[in-house]
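I opened the notebook to record what I looked up in this structure, working from the whole chain towards single elements.

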Amino acid sequence: MNNRRLYHLLLFILIGISVLLAGWLSFVHPYNIDLRDQPTWQISTAQADTLKTLPDITIEVFATRNPHLRRSINELLAPLKLHLPTLQVIFYNPETEPVLVRKRGISREGQLYIRDDHDRGQLVATPSPANILQAILALQPEQTRQVIHLQGAGERGFLSDDAGSWRESYRHMRQAGITIAAADQASIATIPTNTNVLVIADPQPNSLNNSPLITDYIQQGGNLLYTTDQPHPYLPKWLAELSGLTIMPGYISDPDGQQYGIEDPQMLLITTLGDSEIVSTLGNSPLLAQAAAIMPHGDPAPGWQRQPLLYTSEQTIVQNNGHSVKGTVVTGWLLERTHANHVQRIIILGDSDLFSQHYRQVAGNAALTDNIINALLPDNSVLAAAKPTPLTDQYIQLSKTYLYALAALLLLALPLGWVLYYQYYQRKQRCRYQ
């Protein structure tokens, strides 16, 4: 064996050892650099405060003796222990714990079950910071917060599977520890005294004009969420007199939606918001489908303060029986008064679809619905704690200067550089053979 072959053999052995050593080091001592603007765990101040009030939390991890998987889960949960010092993480081998696997509803390796010291828990099918945090926040101690969904007047479905049902919104509230119940006005004498929010979602016209059940609830200081919609807009007489509002007849259309890619003019993107914190803190504009315009026709009842929440654009057109009116209209109102040392609120919306499963996750609807329920609850930190913190580095934001510089680099500098290099290379070759 000559020196050249020996050199290549030793080089091959050295490369092989280096590759094996690098693989072993990456497996035993993983290391990564995170260049994002925010950490993996998005925990807001409200969420951190809620975590401090939680009882002892245990996370059961169902994983076989796979060192890589177990290490990955430990690294995922490590930042959470800064907020939950008493957090316990227990690993179970699903192959040796079949009874516990069936009890927890585990369907595949790597799933988690999060429980408190009372064995109340939730399954996390896909472990991620957002899913784990939501499951933990759902274990906060039971609160006396109750939302009653009124039925009996053709309202939106409570927990049904139809398209307009509010099932998705109520599921989200339940995860935040809010008690949800339905009540048929024909079968109850009074609204339960422990009701924090009464919901009347899109009733049939003329169905609630004479309803002492609801008016007594309002007089006693109860909070109300009332929604209607364009297919059959309706505002009960007692609510119209209390609020000083009326529904403007006609269909609302907004041609401005085309610039945002919205082809249906009756889909209203609300870009102008009121001054209330319910809407002023929204990061994305709500999108309303076939909303009704609710306009003032007088002053609210004595003691009540009224302010608009949602405005349409100046290009809005309201068409009614061949007549059209152009200009801004209002599709949501907030009424407040002080009653028995607490703030009583009534929210009136001209759209009911934003709480439905199909529209809740569209645009800023989820944040708006959470803010509305928060404003009506006695302790408005419940859904705020469960709401994910908005990401700050989802998109690359470049100024026009950087965009022009990037365009010049890609369209001019790089092609010109290759042309100049090619010419230089050709001259060098000619000189070489001359």
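How much area does the chain expose, and what share of it do carbon and sulfur atoms supply? I found about 24500 Å² exposed, with 55% supplied by carbon and sulfur atoms, the areas coming from the Shrake-Rupley method with a 1.4 Å probe and, for residues, only the protein chains shown counting as cover.

Before going on I noted that this is a predicted model, in which local features need pLDDT of at least 70 and side-chain atom pairs count only at pLDDT 80 or more, while totals for chains, interfaces and linings use all residues. Residues are numbered from 1 along each chain as its sequence is written, and side-chain values use heavy atoms, with hydrogens and water left out.

**Entry: the chain.** I read 13 helices and 19 strands, these being DSSP runs numbered from the N terminus (helices H or I, at least four residues; strands E, at least two). Of the 434 residues, 42% are buried, that is, under 20% relative accessible area with a 1.4 Å probe, protein chains only. Among contacts (heavy atoms within 4.5 Å) with a separation of 6 or more, 68% join residues 24 or more positions apart.

**Entry: the cores.** I looked up the largest nonpolar core (buried Ala, Val, Leu, Ile, Met, Phe, Trp, Tyr and Cys residues joined through side-chain atoms within 4.5 Å), and found 35 residues, of which Leu-225, Ile-347 and Ile-372 touch the most other members. Helix 11 (365–376) is one of the elements that supply at least two residues each, and helix 11 gives the most, with 5 residues. A second, separate core has 30 residues, including Ile-200 and Ile-346.

**Entry: helix 7.** In helix 7 (residues 212–219) I found Leu-213, Ile-214, Tyr-217 and Ile-218 buried. They lie on the same side of helix 7, because they cover an arc of only 130° around the axis, taken from the directions from the helix axis to the C-beta atoms. Gly-221, which follows helix 7, has a positive phi, near 100°.

**Entry: the sheet.** I traced an open sheet of 8 strands with mixed pairing, in the order 6-5-7-8-19-18-15-12, where strands pair if DSSP finds at least two bridges between them. Strand 6 (179–184) and strand 12 (272–273) stand at the edges with a single partner strand each, so one side of each is left without a neighbour in the sheet. Strand 12 runs antiparallel to strand 15, joined by 2 bridges, and Leu-273 has Leu-310 in strand 15 as its bridge partner.

Methods. Buried < 20%, exposed > 50% of the residue type's maximum accessible area, 1.4 Å probe, protein only.
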